[in-house]
Amino acid sequence: MENQRLGRLVLVIFPLQGHTTPMLQLGTFLHSKGFAITVAHTRFNPPNPSKYPHFTFLLLSDKLTESYTPATLNFYDLESITRNCDLPLQEFLELQTQTADSQVVGIIFDSIMSFAATVADHFKIPRLVFMTSSAGFDRAFWAFPRLLAEGYLPFQDSMLHELVPQESPLRFKDLPVYKQNIEETLKLIDYGRNLKNFSAIILNTIDCLEQSSLFQLRQHYKVPVFPIGPLSKVAPALSTSFLEEETSCITWLNDQPAKSVLYVSKGSLAISDEKELTETFWGLANSDQPFLWVVRPGSVSGSEWTEVLPKDFKEIVRERGLIVKWAPQKEVLAHSAVGGFWTHCGWNSSMESLCEGVPMISSPQFFDQKVIARYITHVWKVGFELDGVLERGDVDKSIRRLMTGREGNEVRQRAIELKHMINVSTLEGGSSYNSLNDLTEFLLAKNVQKQ
């Protein structure tokens with residue numbers, strides 16, 4: 001598998017689920033085009049090499065403390081990664097320059113792993129940044145310096161529901177800002193201001209979804225931009241889940257009526273308290289709607305799993321509800337029984353839902369999720385917002401609104417229309433199909449120039 005004819009690409013991944021999955025999918029596509037692939041990763045949440053025998057893997061020593069988990073990531077961790085991971089990457093590239101076979105022709109790095117751009121510059125290798133969230137999120141991100149200069153940051157609580165000047169449809173509450181920690185907000189702004197050192201931008205998005213934001217990104221960065229999504233459709237990879245998937249839930253779904261089930265999952269990082277879990281349960285139970293609910297072990301503060309729920313919760317919901325520790329999400333969303341998705345609005349989850357024409361209830365928690373949720377509800381209009389402190393009455397009402405109400409039928413129809421538009425984009429002549437070919441040609445042209 002290593003005698004790929006077009007040279008080697010190094011993919012530098014960041015160890016969160018939402019970052020690892022699309023990068024490995026991108027690597028799978030580029031390998032199919034003839035590139036050899038090396039995946040550079042930290043020791044936390046490493047990819048499983050046995051699932052990718054056609055890749056080689058490079059461990060980057062980040063020197064973070066043993067107590068570190070990706071859920072606790074902060075800017076000091078980013079600084080540690082930037083300080084320590086560049087040396088092993090440099091050493092690898094130094095060795096590769098001495099090898100005639102499979103020369104490195106480009107580095108594709110997660111936008112958080114920006115040290116890779118500096119290393120690539122040293123070796124005069126093209127460096128492409130892979131932005132694993134939406135174009136709308138990046139647009140909000142690079143607006144921070146302007147908002148700071150104009151005195152909008154930090155914003156007051158009275159401004160939460162006001163539209164951000166020049167950033168419609170975002171309200172101040174939708175900005176990916178650490179409101180409770182101004183120091184980290186300022187660090188975030190500085191990080192965004194300095195992130196410009198690349199040859200091109202790759203995004204796991206689609207022109208029909210984010211045409212305006214993509215146009216503004218091109219105007220801002222002045223480099224080629226390749227919207228190549230949805231990677232889950234274009235280059236499906238083997239499961240990259242960090243948690244074991246309970247595939248038995250598919251058997252349960254097989255027994256449910258078409259479009260009747262609400263799938264509930266808050267992603268791989270979200271943490272709830274006991275009250276939120278209890279209110280969610282009673283909202284689901286009172287809605288009289290079938291549901292498949294993912295509750296990660298350890299995701300409820302002070303609990304191992306679901307022990308805070310009523311002891312007779314299974315008798316309360318009977319065959320109408322199923323709680324699992326983790327689900328094969330792509331397969332679930334593609335199932336004919338699923339008619340709605342209550343989501344944290346991570347970009348991968350949102351894209352997977354859009355690809356299957358499944359409307360959403362949005363409950364964002366932090367960072368890019370707030371931006372994405374706003375686009376889901378007010379731009380693409382394929383879902384409803386359920387934000388703030390959860391109460392069982394609001395949960396019940398939102399579920400009925402999506403699954404059985406007139407408004408739910410309208411957003412479901414809109415979601416189906418978007419699904420068809422996304423499918424067209426991946427066909428020959430479609431925008432994503434063309435963008436993938438353009439990316440391949442870009443890498444080949446850079447390779448010729450290097451030689």
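Buried means under 20% relative accessible area, exposed means over 50%, and partly exposed is what falls in between. Keep that handy for the exercises below, and keep in mind that this is a predicted model.

**Exercise 1. Classify the pair Tyr263 and Phe341, and say whether each ring is buried or exposed.**

Step 1: start with the geometry. A pair of aromatic rings is described by the distance of the centres and the angle of the planes. For Tyr263 and Phe341, the centres are 4.9 Å apart and the planes make an angle of 25 degrees.

Step 2: apply the cut-off. Planes under 30 degrees apart count as stacked, and the pair of Tyr263 and Phe341 is indeed stacked.

Step 3: find the rings in the chain. Tyr263 belongs to strand β8 (residues 261-265) and Phe341 to strand β11 (residues 338-343), so the pair links distant parts of the chain, 78 residues apart.

Step 4: check accessibility. Tyr263 has a relative accessible area of 1%, so it is buried. Phe341 comes out at 0% and counts as buried too.

**Exercise 2. Which label fits the pair Phe55 and Phe57, and how accessible is each residue?**

Step 1: there are 14 aromatic pairs in the structure. One of them joins Phe55 and Phe57, at 6.4 Å centre to centre with 50 degrees between the planes.

Step 2: stacked needs under 30 degrees and edge-to-face needs over 60. The angle for Phe55 and Phe57 fits neither, so the pair is tilted.

Step 3: on to the surroundings. Phe55 is buried, at 5% relative accessible area. Phe57 sits at 25%, so it counts as partly exposed.

Step 4: for a follow-up on rings, look at Phe137, Phe141, Phe144 and Phe367, which ring pairs link into a cluster.

**Exercise 3. Which charged side chains lie over the rings of Trp305 and Phe384?**

Step 1: take Trp305. Lys325 lies over its face, 5.1 Å from the ring centre.

Step 2: take Phe384. Here the charged end of Arg401 sits over the ring, 3.7 Å from the centre.

**Exercise 4. How many cavities of 30 Å³ or more does the whole structure hold, and what lines them?**

Step 1: count. The search turns up 2 cavities of 30 Å³ or more.

Step 2: describe the largest cavity. Its space comes to about 170 Å³. The lining has 14 residues, and Lys266, Ser272, Trp293, Val294 and Ser299 lie nearest the centre.

Step 3: trace that lining to elements. Both α11 (274-286) and β9 (291-294) supply at least two residues, and α11 gives the most, with 3 residues.

Step 4: sort the lining of the largest cavity by character: 7 nonpolar, 4 polar and 3 charged.

Step 5: repeat for the second largest cavity, with a volume of about 60 Å³. Its lining includes Thr21, Gln25, Asn204 and Pro230. Two or more residues come from each of α1 (17-32), α9 (231-234) and α14 (347-355), with α14 giving the most, 3 residues. The split for this lining is 3 nonpolar, 5 polar and 1 charged.

**Exercise 5. Where are the cis peptide bonds that lead into Pro154 and Pro169?**

Step 1: read the omega values. The bond joining Leu153 and Pro154 is cis, with omega about -5 degrees. From Ser168 to Pro169 the bond is also cis, with omega near 15 degrees.

Step 2: place the prolines. Pro154 is found in the loop between α6 (144-149) and α7 (182-194), and Pro169 lies in the loop between α6 and α7 as well.

**Exercise 6. What is the phi of Lys124 and of Lys259, and where do these residues sit?**

Step 1: begin with helix α4 (residues 115-122). Its buried residues are Phe115, Ala116, Ala117, Val119 and Ala120.

Step 2: go just past α4 to Lys124, where phi is positive, about 55 degrees. Lys124 is in the loop between α4 and β5 (127-131). At 70% relative accessibility, Lys124 counts as exposed.

Step 3: do the same for Lys259. Its phi is near 60 degrees, a positive value in a residue other than glycine. Lys259 is in the loop between α10 (248-254) and β8. With 42% relative accessible area, Lys259 is partly exposed.

How values were computed. Residues are numbered from 1 along each chain as its sequence is written. This is a predicted model: local features need pLDDT of at least 70, side-chain atom pairs count only at pLDDT 80 or more; totals for chains, interfaces and linings use all residues. Side-chain values use heavy atoms; hydrogens and water are left out. Buried means under 20% relative accessible area, exposed over 50%, partly exposed in between (1.4 Å probe, protein chains only). Helices (H or I, at least four residues) and strands (E, at least two) are DSSP runs, numbered from the N terminus. Rings of Phe, Tyr and Trp (its six-membered ring) pair if their centres lie within 6.5 Å; planes under 30 degrees apart count as stacked, over 60 as edge-to-face and the rest as tilted. A charge sits over a ring if NZ of Lys or CZ of Arg is within 6 Å of the ring centre and within 35 degrees of the ring normal. On a 1 Å grid over the protein atoms alone, a cavity is a set of points where a 1.4 Å probe fits but cannot get out, and a pocket is an open set with protein on both sides within 12 Å along at least five of seven lines; lining residues have an atom within 4 Å of a point. Grid points are joined across faces, edges and corners, and a volume is the space filled by probe spheres set on the points. Ala, Val, Leu, Ile, Met, Phe, Trp, Tyr, Cys and Pro count as nonpolar, Asp, Glu, Lys and Arg as charged, and the others, Gly among them, as polar.
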